[in-house]
Amino acid sequence: MADDHHLTPLEQAHQIIHRYDSSSSETRITFQSNRHELDTYLQAVDEIQRNMDSITVSGDDGEQTEQQSTKVNSSIQIAMARLEDEFRSILLSHVSPIETDDYVSRSTSSLSEFHDYVSRTVTDDDDSASVSVHTTGDDDVSRTDDNSVSLHTTGDDDVSRTDLGESSTTTRLSNYRSMSSIREIDLIPSDSIHDLRSIAERMIAAGYFRECVQVYGAVRKSVVDASFKKLGVEKFSIGDIQRLEWEALNAKIGKWIRAARVCVRVLFASEKRLCQLIFEHLEPEADDNCFMETVKAPAIQLFNFAEAISISRRSPEKLFKILDLHDAVLDLLPDIESVFDSKSSESVRVQATEILSRLAEAARGMLSEFENAVLREPSKVPVPGGTIHPLTRYVMNYISLISDYKHTLGELIVSKPATGSRYSDDLTTPDMDFTDHEGQSALALHLIWIIVILQFNLEGKSKHYKDNSLAHVFIMNNIHYIVQKVKGSPELREMIGDNYLKKLTGKYRQAATRYQRATWVGVLYCLRDEGLHMTGSFSSGVSKSALRERFKSFNAMFEEVHRMQALWLIPDTQLREELQISISEKLIPAYRSFLGRFRTHIEHGRHPENYIKYSVEDLETAVLDFFEGNAVNQHSRRRSSS
């Protein structure tokens, strides 16, 4: 080494380069452990590069020049191989995936987790009617063997906002938008970044940009893949995703939303910043090329999931997850456009935009599917006791959830529903007069339309009851339930509007009136005076035989009504009590008056207990049995003969 002082700078540079030849069998020295050695090596590379440039500029063709050029090229090749190894070594010393726990927590969950619960609790009471709305554990719309659509509901308790731990949509959206901005983090220490940039600068200057990019991309992509694994981002093709059962896919959507926020706003953004720190201005678009080399495949993997969902088969039970996914992609889109802002990353921006568009179209299609499913739900077996039909529960809980998404759906749903026409001969679809709903949004019109077709379907189902009185109770129960669900949801009530709510209230009251006419007109007809008085030339007064028959008729009719209608069910306590009071207000005064006028004629005859079987108090007590859904012993209600 003593002779090194007599060597030219170029000769010294050649010597240094060959000392660290990566292909030699000597033990390699890691520059990371010796800053001076790395600086010396890089200076040697610079010296050789300057001589290469001067040889190229001079253009001499002499033999000496050719030998010098060959030597310089050989040293450059050795140096680039060594720098490539060093570049890789530095990168490999910083390959820890990001700490995902810092960015993913239960508090940053999206609305999709909210609807993991909702999809299991979309109905309330346990309705075990043998109808096409099956009381299974699957809250979905599925296709039956004949390709008709039938709704499936559970038997769980009613969904309420308090049950779900949220007071309003605003609160849930506040949680949903947690971690809502780009958060770049340091993936590699600054001194290592300085070394990487120094090496990249020499490699690019020597024409080894492609090799530099390939090494960088291979190492950093493995780090991104490791972070994906920690975030739960699985490697699925679009076909794989579409073959998954909805129950499995349902859970994955919520996980994907949380992971996507971290991927775009932390992982991809930080990888882009790292590329800029190392490669910016070293070569036109060098940082963009390295960034896409690193994240293009992972980005495609990430967004393929959302794309597969957006083009999957449409069915109403998927609507809320689709809306969650739509909201997540919409929320991420400005950051996607910011992170992937170069020409080379245009395909990622386009894919995200197209996914958003397809999700919007899917949501519109699913709402239409839901409307058709409600209209065509085919069950014909009457619900026992005329209580609330499972379809009614399902539909009203479903549209209550729709109202929670009024901001998103309000932008997606811009056209009025396709209704029937009052001038059409088609009796399978009801009509709807839009002039009654001027000023209401397209989404509000769709919600009202769903209620209209639900009523239309329920009217059809009511015709399967053999007893007209029970059919009216069925309609009253179900429309009253609709009214209560609308009143119970401020968002839904605002959209439906009080005018339509009043119309619905009028309908269930009308059904109650029709029930009373169908049941009690005949009973009360027994308590009339007509036909009881004898008139003639030889006698006048009350016909005891006619009076006895009248009491017998009343007893028989009331006993049958009491026996049957005690089994009927009005689940709403207030509605049940109101109807019982209304019955009593008509029945009790009429019976009291009739009994007061004619009981002496019976009591002075033989076996009065065979004709006057009820006291006024008996009837008052018996009316309280009505609509409780329980069998009663009629004899226990009758007065004892005195």
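**Briefing: buried rings and charged pairs**

Phe474 is a buried residue, with just 1% relative accessible area. What you have here is a predicted model, built from 21 helices and five strands. Of its 642 residues, 51% count as buried. The notes below start with the overall picture, then go through rings, one buried threonine and the charged pairs.

**Overall picture**

- Take the contacts with a separation of 6 or more: 80% of them come from residues 24 or more positions apart.
- The protein exposes about 30,100 Å², and 48% of that is supplied by carbon and sulfur atoms.

**Aromatic rings**

- The count of aromatic pairs comes to 23.
- One of them brings us back to Phe474, which pairs with Tyr465 at 5.3 Å centre to centre. The planes sit at 50° to each other, so the pair goes down as tilted, the class between stacked (under 30 degrees) and edge-to-face (over 60).
- Tyr465 is buried too, at 8% relative accessibility, alongside the 1% of Phe474.
- There's also an aromatic cluster made up of Tyr515, Trp520, Phe554, Phe558, Tyr591, Tyr614, Phe626 and Phe627.

**Arginines over rings**

- Arg528 lies over the face of Tyr525, with 3.7 Å to the ring centre.
- Arg393 has its charged end over the ring of Tyr481, 5.4 Å from the centre.

**A buried threonine in H18**

- Thr519 belongs to helix H18, which covers residues 498–525.
- Thr519 counts as buried because its relative accessibility is 7%, and the cut-off is under 20%.
- The side chain of Thr519 makes a polar contact of 2.7 Å with the side chain of Ser469.
- Setting aside neighbours within four places in sequence, Thr519 touches Ser469, Val561 and Gln565.

**Salt bridges**

- Side chains of opposite charge can pair when their charged atoms come close. Searching the whole structure turns up 27 salt bridges.
- Asp335 and Arg265 form one, with their closest N and O atoms 2.7 Å apart. This pair ties together distant parts of the chain: Asp335 is in helix H11 (residues 319–339) and Arg265 is in helix H9 (residues 246–279), 70 residues apart.
- Both ends of that bridge are buried: Asp335 has a relative accessible area of 13%, and Arg265 comes in at 0%.
- Glu307 bridges to Arg358, and here the closest N and O atoms are 3.4 Å apart. Again distant parts of the chain are linked, with Glu307 in helix H10 (residues 286–310) and Arg358 in helix H12 (residues 346–376), 51 residues apart.
- The two ends of this bridge fall into separate classes. Glu307 is buried at 17% relative accessibility, while Arg358 is partly exposed at 26%; the split arises because buried means under 20%.
- Arg597 and Asp529 meet in a salt bridge of 2.5 Å, N to O. Arg597 sits in helix H20 (residues 573–603), and Asp529 is in the loop between H18 and strand S4 (533–535), 68 residues apart.
- For that pair, Arg597 is partly exposed at 35% relative accessible area, and Asp529 is partly exposed at 30%.
- Finally, Asp46, Glu201 and Arg202 are joined in a salt-bridge network.

How values were computed:
Residues are numbered from 1 along each chain as its sequence is written. Side-chain values use heavy atoms; hydrogens and water are left out. Helices (H or I, at least four residues) and strands (E, at least two) are DSSP runs, numbered from the N terminus. Buried means under 20% relative accessible area, exposed over 50%, partly exposed in between (1.4 Å probe, protein chains only). Contact means heavy atoms within 4.5 Å. Accessible areas come from the Shrake-Rupley method with a 1.4 Å probe; for residues, only the protein chains shown count as cover. Rings of Phe, Tyr and Trp (its six-membered ring) pair if their centres lie within 6.5 Å; planes under 30 degrees apart count as stacked, over 60 as edge-to-face and the rest as tilted. A charge sits over a ring if NZ of Lys or CZ of Arg is within 6 Å of the ring centre and within 35 degrees of the ring normal. A polar contact is a pair of N or O atoms within 3.5 Å; within protein, one must be able to donate a hydrogen and the other to accept it, and residues adjacent in sequence count only if both atoms are side-chain atoms. A salt bridge is a side-chain nitrogen of Lys or Arg within 4 Å of a carboxyl oxygen of Asp or Glu.
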